[in-house]
Amino acid sequence: MRRRLVAALALAGLSALAATGVAQARDLTVVSWGGAYQDAQRKAIFDPYMQETGRKIVEDSWNGGIGALRAKAEGPPTWDVVQVETDELVLGCEEGVLTPLDWEKLGGKDRYIPEAVHECGVGNIVWATVLAYDGDRFRDDPPKSWADFFDTKTYPGQRALRRGPRQALEFALMADGVPLDRIYAVLRTPEGIERAFRKLDSIKGDLIWWEAGAQPPQLLASGEVVMTSAYNGRISAANRNEGRNFRIAWQAGYVYQIDSWVILANSDRKDEAMDFVAFASRPDRQAALAMLIPYGPTRVDAAELLPPEVAADIPGTPANRQYGLFFDRDFWVEHVEKLTERFNAWAAQ
Amino acid sequence: MEAVAPTAPDLARRVRAGERRRRLAAFGLTLPLCAFLLVFFVLPILGMLRLAVSNTEMAETLPRSTEAFRTWEGGGVPPPDIVDLFARELAEAHRARSLARFATRLNYEEAGLRSLVLNTGRRLARAQPPFSLDDLAAIDPSWRDPGVWAAIRRAAQPWTDLYVLAALDLQHDAEGRIVRVPPERAIYLDILGRTFRIAAVVTLACLVIGYPLAYTLAHLPERHAHLLMIGVLLPFWTSLLVRTAAWIVILQREGPLNELLQWLGLIDRPLELVFHRPAVYIAMTHVLLPFMVLPIYSVMRTIHPSYVRAALSLGATPWTAFRRVYLPLSLPGVSAGCLLVFILALGYYITPALVGGATDQMISWFIAFYTLQTVNWGMAAALGSILLLATLALYLLFARVVGIERLRLA
């Protein structure tokens, strides 16, 4: 009798184990930047994909960082497709954290702008980090340059930048009078780095740091800051969806760059992931996304589908190209870890 | 058969045996707890202490060079056979895409070595062995720098003090001596000091608010005391995140608090609270207050009113009666509350992360940064170990001064 009970218990335990095994069979997990941007992606890409293929997608969001990718790649597979910034793409590919893509499925490399093509990633948007402020607070004399951002006498109040060295150092040098085409040449020298940190140091007491792209519009809306760096699309989305009157100072100078879709090397659903990336890269999907949030498409044939009034809000287009600085991928791949360490020490002191 | 009455020594033995059995059974009942503590508390802590000095990255990616570097005595540049072996393994590891792990580890020794190793590996993978120092120097002249080879030799050892030193703002110089890191990179001693300072301020604030509150609670008639108690416990049961988020709303620049103060005319422009230190103090004090009130209250309940009455009837003023009689009797609760709040506050992460700015982060923020953002387990473990040891030392000091037997945890 007792032995039978033990056997029954063991059986129950086994079936419980088997049940968890079944529960672990997961759906394709797609990871992006959250907030208004991911809402737009859901409408333009995720939902249509699920309708067209009948497959399910699970969403997650993150705030970037090569370390987060490394951590995901070391553990059991939980993320499949991730949207990353350029330096994460290059480092991740080099380290074997990402998987090479099948460019046949993506329609061939020549359909894309050259910066969007990489062994392990396909560019999906052109986006910019810009200087933004609330138009309702500055009726007469709005900030026009990064020098104004660093001028706390004329424009008192707190301001916000993205936590970390990326873009912050570029903006600091812009404010210090370095012309756009010289920024990275200056940053490549130790004196240039010192100069950028010194400039940041000059307003350290009035600086707060954001991490998620959804934060800058909130900080502007709550009046916590008078101006902030922000992703251009989030500013447009806040105006469109929440009736705000936020403005972008394009002429102050902005840093624009390309985000890419990548597939993690430890994904156990690589084929499905590749199908998703191919779907998301279709010209009609890229154009649909740009209509919802003004980030530029990376496919040449998607740009042609956009009406001119949408194109005007998109970074890197003729209307505002002269103010844009293209993010130097090689510089940041080489220096991001060292400068992040330096930045953390500086910010915490 | 007739029962035989036991003789005296026999009885004593049986009583002893019975007691032993009972003690064993009682101990058996604590076994699950002991096993739980061992698996989920003791082992992870030992694992963390080990990670803080673990040095396996090079041994796993470049096993043969690691052996060779361990036999090399150091100083200058290693002999040609070790250089050749090292270069061959770099090329192999590049092809296997496993080089990044070693490169990342080496970069902790000195920033910049990561790209040196990766670039060299990439170039070597396309070249033909054997390799000499000149081949390496042709790719990058840094390979002639003895400091680089000294760093590799340190990475090859079975254990490392790198992370523990770094967590104390120390490092090895080129000759292997332990020196302070340059001031622009020194942060962790400051952060450790800040962590203890914030915990101390929060503990003090909790005590100042909590003691009178507990006194009121203990002396109100039952019915009102219950109501007030719910007022203490309700926030205690509310999610930490909800309370923290609520403080962001209340304390923000155009939030209710600033508007109230401006309306009252106490300030003429809004105070900067959220993302600054005051918000951290306010939110943490609010979150931790119940941990102060409950132990003090439970001790105060046991103080019989006749003690104070006796003091008063013997001619003491109310203040003297409180100071000489009531306060000493309530001290066990006060020490328990302070210890609880202080130690909980030391490990706080989410509240300062949400309401504080970059200069208000406590040591946990950096532990999270190293585990989640850069995946530098060594650094995270070293910071964690230092926090653990500092807390233990403080606890022992406290036990020594106050006496642990006087603690009453509710």
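These are my notes on the domains, the chain contact and the nonpolar cores of this predicted model.

**Domains of chain B**

I began with how chain B is split up. Domain 1 covers 57–158, and domain 2 covers 188–406. I then looked up how far apart they sit: taken over C-alpha atoms, the centres of domain 1 of chain B and domain 2 of chain B are separated by 51 Å.

**Where the chains meet**

Next I turned to the contact, to which chain A brings 23 residues and chain B brings 27 residues. On the side of chain B that touches chain A, I found four elements of chain B giving two or more residues: α5 (99–109), α6 (113–125), α10 (188–219) and α18 (363–373). Which of them gives the most? I noted α6(B), with 3 residues. By residue type, this side of chain B comes out as 10 nonpolar, 9 polar and 8 charged.

**The nonpolar cores**

I kept a general point in mind here: nonpolar side chains tend to be buried together in soluble globular proteins. The largest nonpolar core holds 165 residues, and those touching the most other members include A:Ala132 and A:Val277 from chain A, with B:Ala279, B:Leu288 and B:Val341 from chain B. Helix α14 (residues 277–301) of chain B supplies the largest share of this core, 17 residues.

I picked B:Ala279 for a closer look. Leaving out residues up to four places away in sequence, B:Ala279 touches B:Trp247, B:Leu251, B:Leu273, B:Val274, B:Val355 and B:Gly356.

One last entry: apart from the largest core I found another, of 31 residues, with B:Val83, B:Leu90, B:Leu106 and B:Trp149 among them.

Note on methods
Residues numbered from 1 in each chain as written. Chains lettered and ligands numbered in written order. Predicted model: local features only at pLDDT ≥ 70, side-chain atom pairs only at ≥ 80, totals over all residues. Contact = placed C-beta atoms within 7 Å. Nonpolar A, V, L, I, M, F, W, Y, C, P; charged D, E, K, R; others polar. Core = buried A, V, L, I, M, F, W, Y, C linked by C-beta atoms within 7 Å. Buried ≥ 20, exposed ≤ 12 C-beta atoms within 10 Å, placed from the backbone. Domains from an automatic or database assignment.
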